[in-house]
Amino acid sequence: MSNNEIKVEIKNLYKIFGRNPQKHLEKAQNGMGKSELMEKTAHVMGLCDVNIKIPARGIQVIMGLSGSGKSTLIRHINRLIEPTAGEIIVDGVDVLAMSQDELRDFRRKKASMVFQKFALLPHRTVIQNVAYGLDIQNVPEEEKHQRSMKWLERVGLGGFEDNYPSQLSGGMQQRVGLARALATDADILLMDEAFSALDPLIRTDMQDILLKLQEELHKTIIFITHDLDEALRIGDNIAILRDGSIVQQGTPQEIVLKPADDYVADFIKDINRSRVLQLGSITHDGKAESNIILERSTTIEDAIQSLRKANANDANVIHEGNSIGVVTLNDMLGAIERPDATNTGENAYS
Amino acid sequence: MDFLTTFPDIGRQNLRDIKKSVDATFKDFSRSYGEGIEDFFYPLLKFLVFFEKLLINTPWPIIIAVLAGLAWLGSRNWKLVTGTIISFIIIGALGMWKDTMATLAIISVATLVCIAVGIPFGIWMAKSDRMQSIITPVLDIMQTIPSFVYLIPVVMLLGLGKVPGLLAVCVYALPPLVRLTNLGIRLVDREILEAADAFGANPRQKLFGVQIPLALPNIFAGINQTIMMALAMVVIASMIGVKGLGVPVLQAVQNQYLALGLMNGLAIVALAIIFDRVSQQYGKRLQKHREGGHHE
Ligand SMILES: Nc1ncnc2c1ncn2[C@@H]1O[C@H](COP(=O)(O)OP(=O)(O)OP(=O)(O)O)[C@@H](O)[C@H]1O
Ligand SMILES: [Mg+2]
């Protein structure tokens, strides 16, 4: 399952907003930053030299503060925004070379989208909203009904088909949005802060629904969020944007263990590291004194529990039945210590 | 000193020449094209005559039943339906039935013409900022220029009669519908339009599937305004030969018949109130599921 097929590849992507973006493109390409560009040319740097390869069948999270260019980036993938320069390749096809008709076909069949504010059609019932993408493709009535009913039930809204969106709660409305995106059977799902407008509890519910569906569907999901907990929870890969540039890409483990710069370190400083980090990323060679055996995907939090219960100081780590090394309680403590405490010698806590 | 107290105009002679040449040019134009323009509007005239005859010749109980039915369909409100029935019975009892039917005919046809012309123009305006900047001043002129002024060329072209009257009503009643259609479409939520784009809707699918349905409450407000303004033009239209409630009002003004003027005037008011309430209720019902609604 873990092959290296690349679904979406973005190369040297630039997006400059303003009256004459082409004129100022070269300045950006020569390394002028966002604030300098704004000051000197009154143009806004949306994206700056973005390069990213998004693997098929995984969840790619894109993170960043407000205004860092997340929405701009995701809208380039289905070309709701035209780039100033760069390439966007999906399944080996250049999206920018598509004609209007080809592009519409791409949006109908290949990539569907879920929106932060749901963007449901208020004059259509729930089931008609789910069927919207199929309507546009002129799918025959019966097939359309079957497919949309199926997805409505999959998101747990069976029985609400004749309601109007305004009669549903926010969480339910976004489930309609999700079902609408799934109903077209597109294999790329673009989600722009899809859960950000929801209450924390409902947000967790929605994450569960998404992860559960993903276990079975294996879509390529590009998920935008500014919430690190959410990113760590659902992301297979995370890319972090700042002022239109990607500052770090990697797995959640890599991001937490080796933040590329202060911006990223700042992002991760408040998370519960023991709940994110897994034994696999701190295992080293050797053999444990105890005979406890833990899977490498165990979180540190769970591992400490097991060790304390058995009154042991270390454990053997396995992966798919084979031993891959050892971790000690001390390793775990070291990993959950905040990185800035070790890096800055000045104000070391005693 | 003289120079400052009397405005230095271009001179009586010059002015007369200018006016004369404008009049002559337009007369020539009307002589050579008047007939063609009349032919162009002939189908409209036939339809108007047909509709008026239909209303007048249909037995009155059927007309009242149909109107009550329409009021019910539009408003789902028994009070309005009862009010409609009573109003028309009083109108009939006071001898204004025929005139009211004639007025009803011209108002209905004028509204249909305005819808057929106004909505497409409103859409066009919404789609292009250029069109908006061209059409807006035209609408301003249509609404503010005194009706008598544009009645002159219309009457020169087409003579007195139903069609010029209909045109006069339409010129006055059209602008609000165009404006509100434009506004309604421009106000459609950008996120929803983006969603339509993201699912691959083409421009036609966006227009008929998203923009017009979401603009409908505004478009209905526009139709409501158009009906009201058409009713307001009934008296002026009667001056150029349109039959209906305006004719007795005009007579009343000329001969100082207070009662006659009052009765017919009130009949126009009754029509206006019925149309207004029914179309407003209909507009409200259209958007009921959009805002309100409670989560059970
Ligand atoms: N149409 C536009 N015209 C001008 N500037 C724009 C436009 N769209 C976005 N920008 C600018 O580009 C930058 C990136 O915007 P974008 O909406 O992609 O940020 P974001 O990361 O999605 O932020 P948020 O978390 O607030 O949604 C911002 O500085 C924004 O002001
Ligand atoms: Mg955004």
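**Two pockets in a predicted model**

The largest pocket in this predicted model holds about 1,300 Å³ of space, where a pocket is an open set of points on a 1 Å grid over the protein atoms alone at which a 1.4 Å probe fits, with protein on both sides within 12 Å along at least five of seven lines, and the volume is the space filled by probe spheres set on the points, joined across faces, edges and corners. It is lined by 40 residues, of which Asp236(A), Asn237(A), Thr251(A), Pro252(A) and Gln278(A) are the closest to its centre, a lining residue being one with an atom within 4 Å of a point. H9(A) gives the most to this lining, with six residues, helices being DSSP runs of H or I with at least four residues, numbered from the N terminus. Domain 1 (6-268) and domain 2 (273-335) of chain A both contribute lining residues, so the largest pocket lies between them; the domain bounds come from an automatic or database assignment.

The second largest pocket has about 810 Å³ of space, and among its 29 lining residues the closest to the centre are Leu67(B), Leu70(B), Ser108(B), Phe275(B) and Val278(B). H3(B) supplies the largest share of that lining, eight residues.

As for notes on the numbering and the model, residues are numbered from 1 along each chain as its sequence is written, and chains are lettered from A and ligands numbered from 1 in the order in which they are written. Local features need pLDDT of at least 70 and side-chain atom pairs count only at pLDDT 80 or more, while totals for chains, interfaces and linings use all residues, and side-chain values use heavy atoms, with hydrogens and water left out.

How values were computed: Helix = DSSP H or I, 4+ residues; strand = E, 2+ residues; numbered from the N terminus.
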